[in-house]
Amino acid sequence: MARWKQILHRVAHQLESQFDLRRADVGGRQVDPADIHIVPYRSFGSAQSLHVRGRVLRDRNITPASEHENVWRNVVNAYKRLATDEIPGAPVSAMFRDTLVTSESDHEGYFHFEVPAALDASHHGWHQVELRLSDGEEREPVSANVLVPSSDAEYGIISDLDDTVVETGATALTSMARTVFLHNAHTRIPFEGVSAFYRALHRGNRGEELNPIFYVSSGPWNLYDLYADFLEFQDIPAGPIMLGDFGIEEDKLIHASHDEHKMAAVRGVMNAYPALRFVLVGDSGQRDPEIYSQIARDFPGRVLVIYIRDVTVPERDKVVHTLRDTLLAEGTEMVLVENSLAAGEDAVKRGLIPAERLAEIAEEKSHDEEANEDDS
């Protein structure tokens, strides 16, 4: 184990030290136009406008995930994801129906459009915006998926990903790096019963899959495809994914502005849908309790409940318990849960999901526990 820690520390720090140099190299050399592609990110919008996000990169030829992938293929793919070649200043166009909007990628290859939509109330759900590189080359367009929640949604869900939906070990560099480098979307481990719990929240009491789910993580955009593929493979409802910039601190694989990034992302969702109340889901490992507590204060009456999965040591638990008690006195409940079934039982009591969903959550939890034991 000590040997793996040394290797992962060395690889992570070497990658970090080389990223800026690699970005500079791309700007100073010719890149074959055939190797340039757009990576669209799932985003969200409203009847008035659609927010479209993505990145322009040189194709790294990452192979599709497989349940029986060779471990070294996972390592190679992880390196390709992290050592991206960004294409700055790339002309990108977005087309939705008859509306065309153009822009350029920034110095790290990112772009963001706000495309006018003019949708009526019946046109909720996922919408596709056609993206092209406007550089004169013949390429097939790619589609960016943008979610417009239904006005009939009972509530929205904002969820963390790392150590809330998928086991990552995001609080420690070695644990997270081991997950990133040695696993893919098929071999990463979900928390037991989480898929069924999120499907229950997505359906709500009406059972119509109208409650939107938004995923917020401080994980880097470089790993977007891993998160998106993981959600699909585990049958967890799709939703907009908001990630952060890559950064390595001395003992953790997260960006230094973790709180600011998550806070801004959650606020952006809350501000986008002022008539919608939200369920917030996170874990105690990083600072979800602190972030969500501040969100509840910033948006009084908008947070139905906060679910925090307990994944920490007693010292951290004391801090979280104090936050819970303070928040309860202010009128918002933070419920600390051991697993998805416990969260589901509380959600039934609050009228967020019907009682018949508990059997599905319990069955999946048991199945996941058996599968995890077999893999250990």
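In the predicted model, aspartate 225 lies in helix 5, which spans residues 224-233. Its relative accessibility is 26%, so aspartate 225 counts as partly exposed. Proline 40 is 185 residues away from aspartate 225 along the chain, and the C-alpha atoms of the two are separated by 10.0 Å.

Helix 5 is also one of the elements that give two or more residues to the largest nonpolar core. This core has 39 residues, and those with the most contacts inside it are Tyr198, Ile241 and Tyr307. Other elements giving two or more residues to the core include helix 4 (194-203), strand 10 (213-220), strand 11 (241-244), strand 12 (278-283) and helix 9 (340-349). Strand 13 and strand 14 likewise each give two or more. A second core of 26 residues is separate from the largest one, and Met270, Leu276, Ile295 and Val320 are among its members. In soluble globular proteins, nonpolar side chains tend to be buried together.

With neighbours within four places in sequence left aside, the contacts of tyrosine 307 include Phe197, Val279, Leu280, Val281 and Gly282. Further along the chain, Val335, Val337, Ala343, Asp346, Ala347, Arg350 and Leu352 are also in contact with tyrosine 307.

Strand 13 (residues 303-309) and strand 14 (residues 334-337) run parallel and are joined by four bridges. Between these strands the chain passes through helix 8 (residues 314-329), forming a right-handed β-α-β crossover. Within the pairing, arginine 309 stands opposite valine 337 of strand 14. Valine 337 is also among the residues in contact with tyrosine 307.

Terms used: Residues are numbered from 1 along each chain as its sequence is written. This is a predicted model: local features need pLDDT of at least 70, side-chain atom pairs count only at pLDDT 80 or more; totals for chains, interfaces and linings use all residues. Side-chain values use heavy atoms; hydrogens and water are left out. Buried means under 20% relative accessible area, exposed over 50%, partly exposed in between (1.4 Å probe, protein chains only). Two strands pair if DSSP finds at least two bridges between them. A crossover is right-handed if, with the strands pointing away from the viewer, the path from the first strand over the helix to the second runs clockwise. A nonpolar core is a set of buried Ala, Val, Leu, Ile, Met, Phe, Trp, Tyr and Cys residues joined through side-chain atoms within 4.5 Å. Contact means heavy atoms within 4.5 Å.
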